[in-house]
Amino acid sequence: MEIAVRKLFAIMPFLFGIGFIAPLTAQIMASFDVAAPLGMSHIVFGLIFGGTWGLIANIRGRWL
């Protein structure tokens with residue numbers, strides 16, 4: 001059980017990027033009526049943005 005929790009927390013920044021930053025980005029873009037680039041929907045752009053940011057945070061060990 002401890003190993004499973006440790007592996008889950010090892011990828012937590014990536015999951016946070018997908019689960020929190022992506023929908024937040026999509027909602028902010030929708031509320032300010034900003035179009036996503038390349039004809040994507042807001043949530044697809046949010047998933048790419050949040051997933052990339054979470055992956056970078058996971059690799060570097062910090063968010064900024």
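# Reading helix α2 and its surroundings

Tutor: Let us begin with a kink of about 35 degrees at Ile21 in α2, shortly before the proline Pro23. Keep in mind that this is a predicted model.

Student: What makes that a kink of about 35 degrees at Ile21?

Tutor: The bend at a residue is the angle between an axis fitted to the seven residues ending there and one fitted to the seven starting there. At Ile21 that angle is about 35 degrees.

Student: How do you know what α2 should span, and how far apart are its end C-alpha atoms?

Tutor: The expected span is 1.5 Å times one less than the number of residues. α2 has 20 residues, so it should span 28 Å, and its end C-alpha atoms are indeed 28 Å apart. The two values agree.

Student: Let us turn to the neighbouring helix. Why are α1 and α2 described as they are, parallel, perpendicular or oblique to each other?

Tutor: The axes of α1 (residues 2–10) and α2 (residues 12–31) cross at roughly 60 degrees. Roughly parallel needs an angle under 35 degrees, and roughly perpendicular starts at 65. The crossing angle falls in neither range, so the pair is oblique. The axes also come within 5 Å of each other.

Student: Which residues meet where α1 and α2 touch?

Tutor: On the α1 side they are Leu8, Phe9 and Ala10, and on the α2 side Met12, Pro13 and Leu15. By class, that contact has six nonpolar residues, with no polar and no charged ones.

Student: What makes Thr25 count as buried or exposed?

Tutor: A residue is buried when its relative accessible area is under 20%. Thr25, which lies in α2, has 13%, so Thr25 is buried. Beyond its neighbours within four places in sequence, Thr25 is in contact with Phe45, Gly46 and Phe49.

Student: Which residues of α2 are buried, and what covers them?

Tutor: They are Pro13, Gly17, Ile21, Ala22, Thr25, Ala26 and Met29. The kink residue Ile21 is thus one of them. Their cover includes α1 and α3 (42–60).

Student: Now the loop between α2 and α3, where Asp33 sits. What is notable about the phi of Asp33?

Tutor: Just after α2, Asp33 takes a phi of about 55 degrees. That is a positive value in a residue other than glycine. Leu38 lies in that loop as well, and its phi is near 60 degrees, again positive in a residue other than glycine.

Student: How do you know whether Asp33 is buried or exposed, and what about Leu38?

Tutor: Exposed means over 50% relative accessible area. Asp33 has 69%, so it counts as exposed. Leu38 has 84%, so Leu38 is exposed too.

Student: Where does Arg62 lie, and what makes it buried or exposed?

Tutor: Arg62 is in the segment after α3. Its relative accessible area of 56% is over the 50% cut-off, so Arg62 is exposed. Arg62 and Pro13 are 49 residues apart along the chain, while their C-alpha atoms are separated by 8.8 Å.

Student: And why does Glu2 in α1 count as buried or exposed?

Tutor: Glu2 reaches 56% relative accessibility, so it counts as exposed. From Glu2 to Leu64 there are 62 residues in sequence and 29 Å in space, C-alpha to C-alpha.

Note on methods. Residues numbered from 1 in each chain as written. Predicted model: local features only at pLDDT ≥ 70, side-chain atom pairs only at ≥ 80, totals over all residues. Heavy atoms only, no water. Axes fitted to C-alpha atoms, helices over the stretch in contact; angles between N-to-C directions. Helix = DSSP H or I, 4+ residues; strand = E, 2+ residues; numbered from the N terminus. Parallel < 35°, antiparallel > 145°, perpendicular 65-115°, else oblique. Contact = heavy atoms within 4.5 Å. Nonpolar A, V, L, I, M, F, W, Y, C, P; charged D, E, K, R; others polar. Buried < 20%, exposed > 50% of the residue type's maximum accessible area, 1.4 Å probe, protein only.
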